[in-house]
Amino acid sequence: MSQTPPASRYIHGTEPHEQQRLSTLNDLINDSSLQVLRLRGGERILDLGCGLAQFTRAMARVAGTRVVGIERSREQIAEGMRQASEAGEERLLDLRQGDVLALELGEDEWGGFDLAHARFVLEHVADPLAVVRAMVRAVKPGGRIVLEDDDHDVLRLWPEPPGFRELWGAYARSYDRLGNDPYVGRRLATLIHQAGGQPRRNHWLFFGACSGDPHLGPLVENMATLLEEARQPIVVGGMVEAKAFDAALATLRAWGDRPDVGIWFARCWAEGVRGGR
């Protein structure tokens, strides 16, 4: 008998330290995400799973429009609006609490957006296809569906820190145990097709650094924080013993201070369009 997959859950939480991690991450990657997006200006944009809405605001600044952002966490919305207010950019956002797996839009909004966007969302839901189907439905004929997500198998650190491979593998399995897919990035074009869209473009967006690059420290800390936040399911789930977990995490942070190291990672990015007239 088949089993119903566990309910989707965002593994990283919404505590202040996680919000700080997300803010730093946005500083590192938003420019490259904007560049490949090729906004022309004037687009009506829907941003699913918008988190703290830093990238939502970035899209709004370029498009010159107010962007609708959907986020299920009240804490994320509150912090996102605080940051927007601090920057004097509240006017750029229409943030709404909602579930991307049961997307609610006004009758006049369905089929009315020029662009539906989701970044780092599909890896955290039990049914990515349902999300992409809603995105296709949300855009007008010829409208774009843009997906950006992770494939956790493409990460390479060299020289590899002792214990890191085991720890990263356990981190990926912690997604599986929630019913989520840590390798969903490789499926983005397929998901667009299965949802009724027409794939048009795909890219790797490099996400790495080496010794001497000022981004190396923040990238290592981002990775270490991700692993720390998953400590309980990894250790309690029996995937890595507590002592080995702590030792590998300490080794990773120390590794970032070496003069001869590099991180190679890439975000998966794909674009499709809705057919019809």
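Start your tour by selecting Phe164, Trp168, Tyr171 and Tyr175, which ring pairs link into a cluster. Keep in mind as you look around that this is a predicted model. The structure holds four aromatic pairs, and you can visit two of them here.

**Stop 1: Phe164 and Trp168**

Show the side chains of Phe164 and Trp168. Their ring centres are 5.8 Å apart and their planes meet at 20 degrees; planes under 30 degrees apart count as stacked, so this pair is stacked. Now colour helix α5, residues 164-176, and you will find both residues in it, four residues apart, about one turn of the helix. Here is a handy rule for reading any such helix: with 3.6 residues a turn, residues three or four places apart point the same way.

Are these two residues buried or exposed? Phe164 counts as buried because its relative accessibility is 5%. Trp168 is buried too, with a relative accessible area of 11%.

**Stop 2: Trp168 and Tyr171**

Keep Trp168 selected and add Tyr171. The centres of these two rings are 5.0 Å apart and the planes lie at 40 degrees, so this pair is tilted. Both residues belong to helix α5, three residues apart, again about one turn of the helix. Tyr171 is buried, with a relative accessible area of 1%.

**Stop 3: the whole of α5**

Zoom out to see the full helix. α5 has 13 residues and reaches 19 Å from its first C-alpha to its last, close to the 18 Å expected at 1.5 Å a residue. Try selecting its buried residues, which include Leu167, Ala170, Ala172 and Ser174 as well as the four aromatic residues you began with. What do the buried residues of α5 pack against? Show β6 (156-158), α7 (216-229), α8 (231-236) and α9 (242-255), and you have the answer.

**Stop 4: a small sheet**

You have just met β6, so follow it into its sheet. Three strands form this open sheet in the order β6-β9-β8, with antiparallel pairing. β6 and β8 (209-210) stand at the edges with a single partner strand each, so one side of each is left without a neighbour in the sheet. In general, strands of a sheet pair through backbone hydrogen bonds, either parallel or antiparallel. Select β8 together with strand β9, residues 262-264: the two pair in the antiparallel sense over two bridges. Within this pairing, look for Ala209, which stands opposite Ile263 in β9.

**Stop 5: Ser33 and its surroundings**

Next, jump to Ser33, found in helix α1 (residues 16-37). Ser33 is buried, with a relative accessible area of 2%. Which residues does Ser33 touch, leaving aside those up to four places away in sequence? Show Phe55, Arg119, Glu148, Leu205 and Arg267 to see them. A polar contact of 3.0 Å joins the side chains of Ser33 and Arg267.

**Stop 6: two charges over rings**

Two of those contacts are worth a second look. The charged end of Arg119 sits over the ring of Phe55, 4.4 Å from the ring centre. Then return to Arg267 and add Phe207: Arg267 lies over the face of Phe207, at 5.9 Å from the ring centre.

**Last stop: a distance to try**

Finish with the distance tool. Pick the C-alpha atoms of Ser33 and His124, which are 91 residues apart along the chain and separated by 19 Å.

Notes
Residues numbered from 1 in each chain as written. Predicted model: local features only at pLDDT ≥ 70, side-chain atom pairs only at ≥ 80, totals over all residues. Heavy atoms only, no water. Phe/Tyr/Trp six-rings, centres within 6.5 Å; stacked < 30°, edge-to-face > 60°. Buried < 20%, exposed > 50% of the residue type's maximum accessible area, 1.4 Å probe, protein only. Lys NZ or Arg CZ within 6 Å of the ring centre and 35° of its normal. Expected span 1.5 Å × (residues − 1). Contact = heavy atoms within 4.5 Å. Polar contact = N/O pair within 3.5 Å; in protein donor to acceptor, adjacent residues only side chain to side chain. Pairing = 2+ DSSP bridges.
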